[in-house]
Amino acid sequence: MTSWSAFTTLPGKAPAEALGAALEAVTPEPIGIGVFEIEDGSGLWEVGSYFTEAPDSVQLDLLAAVHGAKPFTVSEVPDKDWVAEVKRELAPIQAGRFFLYGSHDADRVPKDCVPLLIEAAMAFGTGHHGTTKGCLLEFDKLLTDGHAKGPVLDLGCGTAVLAMAAAKVMKGPILASDIDEVATDTARANLIVNGLDQGVDVVTAAGLNHPKLREKTPYGLIFANILKGPLIELAPEIAIVMGDSGHLILSGILSDQRDETVNSYRNQRFNVINETQIDDWLAITMVKMA
């Protein structure tokens, strides 16, 4: 069955969410609406919707104008098995000792690796994005150098790939937190699939003030794969919960955002010890000085 998509972008979370809510009232009614921040540091948000009937372009153009968005791009979506398509495109990823794969590639898992199973339906944060792979490569180097120690926190965990990687090679406590309940539900599902649900405690929380996050301090390792803005805002909080000589792996940073982000942590007594760049994205390892 043919369907249609309509996408636009606009600055700011609140206007994007308002536009997403307004789309619920259009005719024909969309079967799905999504509002997502674009992870390029631009501050833009994407609003998309899907229809089983061709949408009314006049209605969409009026909504876009009212909410300060660009005109919607409407496309006809061919009938396709999208999960099968994603499986074909999401090839296994090797990141140091870690091997990320879907169940459809279970026969390709090498013997001398740390395997992490992520299904295609849970593709966000699988390691195919440069930020996640960069974090895994930085973590692999910490392990090789003998510098990785717990407790471990995967802050802004998404699908919890980084927490799972830590749980595979380190003893607890290991925590994973995200502000988004959908993300933490996905994280729990991934942990179960990998047999790690007893090794990682998942928390839905904003920032670091949740009691479960505070009771495990000081942390020896924190992953923070988020975006520049939140990383800078969280620098003082992360410094408080990080132990002396603890390691911080930051990502979600574009190359031209490096200095501003790094300086916010240098002001909290962190020094850069290593970094990995994949495409335009950086993953940076820092150590907290005593």
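Angles under 35 degrees between helix axes count as roughly parallel. That cut-off settles how to describe α8 and α9 in this predicted model. The axes of helix α8 (residues 228-241) and helix α9 (residues 258-266) cross at roughly 10° and come within 9 Å, so α8 and α9 run roughly parallel to each other. On the α8 side, the contact is built from Lys228, Leu231, Ile232, Leu234, Ala235 and Ile238, and α9 answers with Glu260, Thr261, Ser264 and Tyr265. Sorted by class, the residues of this contact come out as six nonpolar, two polar and two charged.

A second helix pair can be described in the same terms. Helix α4 (residues 130-145) and helix α5 (residues 161-169) have axes that come within 10 Å and cross at roughly 20°, and α4 and α5 are therefore roughly parallel to each other too. The crossing of α4 and α5 is right-handed. Here α4 brings Thr132, Cys135, Leu136, Phe139 and Leu143 to the contact, while α5 brings Val161, Leu162, Ala165, Ala166 and Val169. The make-up of the contact of α4 with α5 is nine nonpolar residues, one polar and no charged ones.

Both α4 and α5 also turn up in the largest nonpolar core. Of its 33 residues, Phe98, Leu136, Phe139, Val200, Leu221 and Phe223 touch the most other members. Two or more residues each come from β5 (93-95), β6 (98-101), β7 (114-117), α4, α5, β9 (174-178), α6 (181-193) and β11 (219-225). The biggest giver is α5, with seven residues. As for Phe139, setting aside neighbours within four places in sequence, this residue is in contact with Phe98, Ala148, Ala165, Ala166, Val169, Met170, Leu221, Phe223 and Ile249. There is also a second, separate core of 26 residues, and Val203, Leu231, Ile253 and Val262 are among them. Leu231 thus ties back to the first helix pair, as one of the α8 residues that make the contact with α9.

Val262 leads on to strand β13 (residues 270-278), where valine 272 sits. Valine 272 has a relative accessible area of 24%, so this residue is partly exposed. Leaving out neighbours within four places in sequence, valine 272 is in contact with Arg258, Val262 and Arg266, and with Ile284, Thr285 and Met286 as well. Lysine 288 lies 16 residues from valine 272 in sequence, and their C-alpha atoms are 9.2 Å apart in space.

Key:
Residues numbered from 1 in each chain as written. Predicted model: local features only at pLDDT ≥ 70, side-chain atom pairs only at ≥ 80, totals over all residues. Heavy atoms only, no water. Axes fitted to C-alpha atoms, helices over the stretch in contact; angles between N-to-C directions. Helix = DSSP H or I, 4+ residues; strand = E, 2+ residues; numbered from the N terminus. Parallel < 35°, antiparallel > 145°, perpendicular 65-115°, else oblique. Left-handed = near helix turned anticlockwise from the far one by under 90°. Contact = heavy atoms within 4.5 Å. Nonpolar A, V, L, I, M, F, W, Y, C, P; charged D, E, K, R; others polar. Buried < 20%, exposed > 50% of the residue type's maximum accessible area, 1.4 Å probe, protein only. Core = buried A, V, L, I, M, F, W, Y, C linked by side-chain atoms within 4.5 Å.
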